[in-house]
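Subject: Structure handover and notes

Dear colleague,

I am handing over the structure that we talked about, and I would be grateful if you could look through it with the notes below. Please open it first and keep it beside you as you read.

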Amino acid sequence: MSHPAPPRPTAVPVARRPELPPVHGAVICVAAPCLAISPEHGQLTGQGIDGIYRSGRRLLSRCVLRIGGRDPVAVQGRSLGADRAGFTATVRTGAEPGPDPDIGVERIRHADGTERITLRSFTARPVRLSVELLLGTDLAELASVAAGRAGPELPAAVHAAGLRWSTGEAQAVTTAEPAPDDAVASAGLLRWQLELSPGESRTIALRTTQDRVVRAAAGQVANPLADARAEGDDPRAEAWFRTSVADLRALLSRDPQEPGDAFAAAGVPWRLGLAPAESLWAARMALPLGTGLAAATLRILARTQTGGSGSGAGKIPGPLRGAGPQLPPACTGTEATLAFPALLAEARLWGMPQDEVALLLPAAERCLAWLRGAFGTDGFLADPDPGPRRCETQAHAHRAAVLGADLLAGCGRPGAEEWRERAAALRERFRDAFWIDGPDGGRPAAALHPDGRPLPRLTGAAAHLLDAGLLSGGRLAPGLLDGVRAEQVARLLGTPAMDCGWGLRSMALKEPGHNPYGHRSGAVRVHESAVAVSGLAAAGFEKEAAGLLRGLMDAAEAFGYRLPEMFAAQQRTAGSVPVPHPAACRPAAVAAAAGVHVLTALAGIRPDAPAGTVALAPLPGAPLGAIRLAGLRVAGEAFAVRVSRLGLAMVEEAADALQLGV
């Protein structure tokens, strides 16, 4: 007797987050809050995410140049700096025999919405050209564009020497100089008839501006970053340092509440705004460029701090962030709250004025008060609560306690001894609970589950165990690990399983769930690689620090010295290049600041401005050869240091009140 086949299970559709458009091949310019995203050929076609943006709104999505009724042949597109890009094309008019182009086209596009289009004639006789620009926009928000919900182009109207588009809440105007001979609103068309003599050039200048119903603060923010520079045997150091500083400046954004305060926006195109943890990381890594960015970022976040007396009092709010396939999302507010007192403590040592420190000290004390109440009954900090006890969260909590104690003692505030004792207790608990012994020397667990079971994954989070921070007197803070375990972590970070040849993997190669593109499951996260380099260098692990440093330098060169926030951790082989992540921000604040952090780590600058001393602990072996860093800021004044090919460091310029410490 036959039986009917059982019914097939009904497929349940899985909700998916909208997929971000790929941007790894785009040419991106930024001068926050302005942004220009262009394809390599330079023509804005109205497709995808390309366009001119301001404060997150697309002002121009289509800007197609035609000469003689045809698109020019694109030959090159490249970044000319953080805020501008150049696109070169050619036209063959047929005025001369043969296949050679006889008109050169150069477009220089700026993030602020300006563009200069220059046509140069290479013909032997005068030529008359019809030049057309096809313009359009949807005035869509970037989030809508990224999600594929931009909507149709808006109808244009002729406006002075250009075109205008408007909705109920915003408008955009594109004007041209010289004024076009014809403007056709229905087609979004501007047209010129140009005559060029042999060797002559003509330029058309475009300007696209925004007029909101509610106006945003205009103009560039005051630059809190020193005009520092690097030079040395390896010329790539100069290019990487210069590009990193320029990208950080381009990402500086005003706080809407207090426009005099600036922070480093997280990155473009997706996060041109405040990301508390990343803005603090960027400010910390940029301390050699002065304490102004740190002070402003801390003031901004102090204004967001949770008030009252409940369990969340003192915490800095922040969104959840994915943590890979092994763990639930983490709260960036936890990371920011732990980073706040640590950054203030280190900024004080670099020379933040005492009156600025005093104004921020109460907020730092509230962060520590939150931490006191956030520790669980097992003595660890869950993130989120209830949830896993992450390895890097314990490292951040320990650094907040140790550096917070140093800050309190240096400012004559009570509580320093309590936090030293809490830090010592956390060290003992961590070594007992997180360390997994093994025949190869063991490893730290990536996390503890709420029931205490360890997650035995080797991840980039281990780098944070070596990032202990700086104390007064030029001393390194104690870390969570003892010397033997720290040496084992250093060895692990230097193995091919973690060092892919371009930087540090966020998860070891053969761990379950490894994905070379995964943000927390394999990809190279540039700032985490920089944390590893500086931590290894400070702890004396020269070989591992130098290996990661050289890999990052090579990756920076491959990316035109503008490293993305992350890239694929494909194993380096002969002749290979690093592979981009299609959705990574570039430039990104933490990646830009990482260039400054890594290169200054070569000199091992350890200031104590309140005590009037600065110590140097250069990386032995000088992996990049001799290097000179000038225009840095220590104790509010210019500071220059040179490291020789033998790895010996010498101060060349410093404040008169500074003395060289041991």
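What follows is a description of the cores, one helix, some strands and the aromatic rings.

Please bear in mind throughout that this is a predicted model.

To begin with the interior, the largest nonpolar core has 156 residues, and those that touch the most other members are F241, L289, L493 and L563. Leaving aside residues up to four places away in sequence, F241 is in contact with A228, R229, A230, L289, V596, L599, T600, L629 and L632. Apart from this core lies another one, of 38 residues, which includes L59, L133, L163 and W165. As general background, nonpolar side chains tend to be buried together in soluble globular proteins.

Helix 10 deserves a closer look. This helix runs over residues 526-538, and its 13 residues reach 18 Å from the first C-alpha to the last, which is close to the 18 Å expected at 1.5 Å a residue. Because 12 of its 13 residues are buried, helix 10 is largely enclosed by the rest of the structure. The buried residues of helix 10 include the charged-or-polar names H527, E528 and S529 as well as V526, A530 and V531. The buried residues of helix 10 pack against four helices and two strands by name, namely helix 3 (276-285), helix 9 (483-493), helix 11 (542-558) and helix 12 (589-601), together with strand 30 (524-525) and strand 31 (566-568). Just after helix 10, G540 takes a positive phi of about 90 degrees.

Turning to the strands, strand 1 (residues 27-31) is mostly covered, since five of its five residues are buried. From strand 1, V27, C29 and A31 point one way while I28 and V30 point the other way, and all are buried. This can be set beside the general rule that side chains in a regular strand alternate between the two faces of the sheet. Strand 1 pairs with strand 2 (residues 34-38) in the antiparallel sense over five bridges, and the two strands form a hairpin with two residues between them. Within this pairing, A31 stands opposite C34 in strand 2.

There is also an open sheet of five strands, in the order 3-6-11-16-15, with antiparallel pairing. Its edge strands are strand 3 (44-45) and strand 15 (182-184), each of which pairs on one side only. Strand 15 is joined by three bridges to strand 16 (residues 189-196), and these two run antiparallel. Here D182 stands opposite R191 in strand 16.

Finally, the aromatic rings. The structure holds three aromatic pairs. In one of them, the rings of F430 and F434 have their centres 4.4 Å apart and their planes at 10 degrees, so this pair is stacked; both F430 and F434 are buried. In another, the ring centres of F559 and F567 are 5.4 Å apart and the planes stand at 45 degrees, so that pair is tilted, and F559 and F567 are both buried as well. F430 and F434 also belong, with F380, to one aromatic cluster.

Two arginines sit over tryptophan rings: the charged end of R422 lies over the ring of W419, 5.4 Å from its centre, and R572 lies over the face of W502, at 4.0 Å from the ring centre.

With best wishes

Key: Residues numbered from 1 in each chain as written. Predicted model: local features only at pLDDT ≥ 70, side-chain atom pairs only at ≥ 80, totals over all residues. Heavy atoms only, no water. Core = buried A, V, L, I, M, F, W, Y, C linked by side-chain atoms within 4.5 Å. Buried < 20%, exposed > 50% of the residue type's maximum accessible area, 1.4 Å probe, protein only. Contact = heavy atoms within 4.5 Å. Expected span 1.5 Å × (residues − 1). Pairing = 2+ DSSP bridges. Phe/Tyr/Trp six-rings, centres within 6.5 Å; stacked < 30°, edge-to-face > 60°. Lys NZ or Arg CZ within 6 Å of the ring centre and 35° of its normal.
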